[in-house]
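Here is a short briefing for a first look. Start with the sequence and the structure, then read on.

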Amino acid sequence: EQVRSVSPYAGLWTAPEEAAQVAAPPVAAAPETLLGQSGCTGCHQMAGQLVGPGFDAIRARYAGAENAAYLEQKIVNGGAGVWGGIPMPPMPGLDSDTLQSIVTWLTAATDHSGEES
C-alpha cells in the first residue's frame, strides 16, 4: 500500500491481490442486446412487421407503466389475436431481470423520433 503520486518514483502497489481487484458494477445491457439474447428478434424487428409487430409499434401502443403487467404476462405466456392471427409463443425461460428490463423498455415513453423521454 505504498503508492506514491508525489515523487519521480511512483512506488509499488503492495496491497494484497484481493484488495487490488475491485468488482465493476453490473452494466445494464442495451435493449437491442437483451432482445437478441432472449430470442425476441427472431420474430420482431425494431421497425415494421417481421413475423410479429415491430418494437416501435409495440412501444407506441403500450407506452406507460400501467401496461407493464399486461406485457409481462404476454411475454411469459404468449398469445394470439392482438396483432393478427400468428400466435406469439410463450417465453417462460426468461430470467426475471431480463424480463423486467425488456418490459420497462417497451413501456418507456418515447418521443416521435423513437428516443426515450
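Leaving aside its neighbours within four places in sequence, which residues is Thr107 in contact with? They are Tyr62, Ala63, Gly64, Ala65, Asn67, Ala68 and Leu71. Keep in mind that this is a predicted model. The points below start with the chain, then turn to a helix pair and some of its residues.

**The chain**

- The protein chain has 5 helices and 2 strands.
- From the N terminus, the order of elements is β-β-α-α-α-α-α.
- The chain holds 117 residues, and 24% of them are buried.
- Take the contacts between residues at least 6 apart in sequence: 38% of these join residues at least 24 apart.

**Helices H4 and H5**

- H4 covers residues 68–77, and H5 covers residues 96–107.
- Their axes come within 10 Å of each other and cross at roughly 130°.
- H4 is therefore oblique to H5, as the angle falls between 115 and 145 degrees.
- The crossing of the two helices is right-handed.
- On the H4 side, the contact is made by Ala68, Leu71, Glu72, Ile75 and Val76.
- On the H5 side, Leu99, Gln100, Ile102, Val103, Leu106 and Thr107 take part.
- By type, the residues of this contact divide into 8 nonpolar, 2 polar and 1 charged.

**Thr107**

- Thr107 sits in helix H5.
- Is Thr107 buried or exposed? Thr107 has a relative accessible area of 9%, so it counts as buried, the cut-off being under 20%.
- The side chain of Thr107 reaches the backbone oxygen of Thr104, at 3.4 Å.
- Among the residues that Thr107 contacts are Ala68 and Leu71, which also belong to the H4 side of the helix contact.
- Another of its contacts is Asn67.

**Asn67**

- Where is Asn67 found? Asn67 lies in the loop between helix H3 (55–61) and helix H4 (68–77).
- Asn67 counts as buried because its relative accessibility is 18%, and the cut-off is under 20%.
- Not counting residues up to four places away in sequence, Asn67 touches Arg61, Tyr62 and Thr107.
- Tyr62 is thus in contact with Asn67, and Tyr62 is in contact with Thr107 as well.

**Val103**

- Val103 is part of helix H5.
- Its relative accessibility is 2%, so Val103 counts as buried.
- Which residues does Val103 touch, not counting those up to four places away in sequence? They are Ala68, Leu71, Glu72 and Ile75.
- These four names also appear on the H4 side of the helix contact.
- Val103 and Pro31 are 72 residues apart along the chain, yet their C-alpha atoms are separated by 10.0 Å.

**Gln100**

- Gln100 also lies in helix H5.
- At 36% relative accessibility, Gln100 counts as partly exposed, because that value is between the 20% and 50% cut-offs.
- What joins the side chains of Gln100 and Glu72? A polar contact of 2.8 Å does.
- Gln100 and Ala68 are 32 residues apart in sequence, and 8.7 Å apart from C-alpha to C-alpha.

Notes
Residues are numbered from 1 along each chain as its sequence is written. This is a predicted model: local features need pLDDT of at least 70, side-chain atom pairs count only at pLDDT 80 or more; totals for chains, interfaces and linings use all residues. Side-chain values use heavy atoms; hydrogens and water are left out. Buried means under 20% relative accessible area, exposed over 50%, partly exposed in between (1.4 Å probe, protein chains only). A polar contact is a pair of N or O atoms within 3.5 Å; within protein, one must be able to donate a hydrogen and the other to accept it, and residues adjacent in sequence count only if both atoms are side-chain atoms. Contact means heavy atoms within 4.5 Å. Axes are lines fitted to C-alpha atoms, for helices over the stretch in contact, and angles run from 0 to 180 degrees between N-to-C directions. Angles under 35 degrees count as roughly parallel, over 145 as roughly antiparallel, 65 to 115 as roughly perpendicular and the rest as oblique. A crossing is left-handed if the near helix is turned anticlockwise from the far one by less than a right angle, and right-handed if clockwise. Ala, Val, Leu, Ile, Met, Phe, Trp, Tyr, Cys and Pro count as nonpolar, Asp, Glu, Lys and Arg as charged, and the others, Gly among them, as polar.
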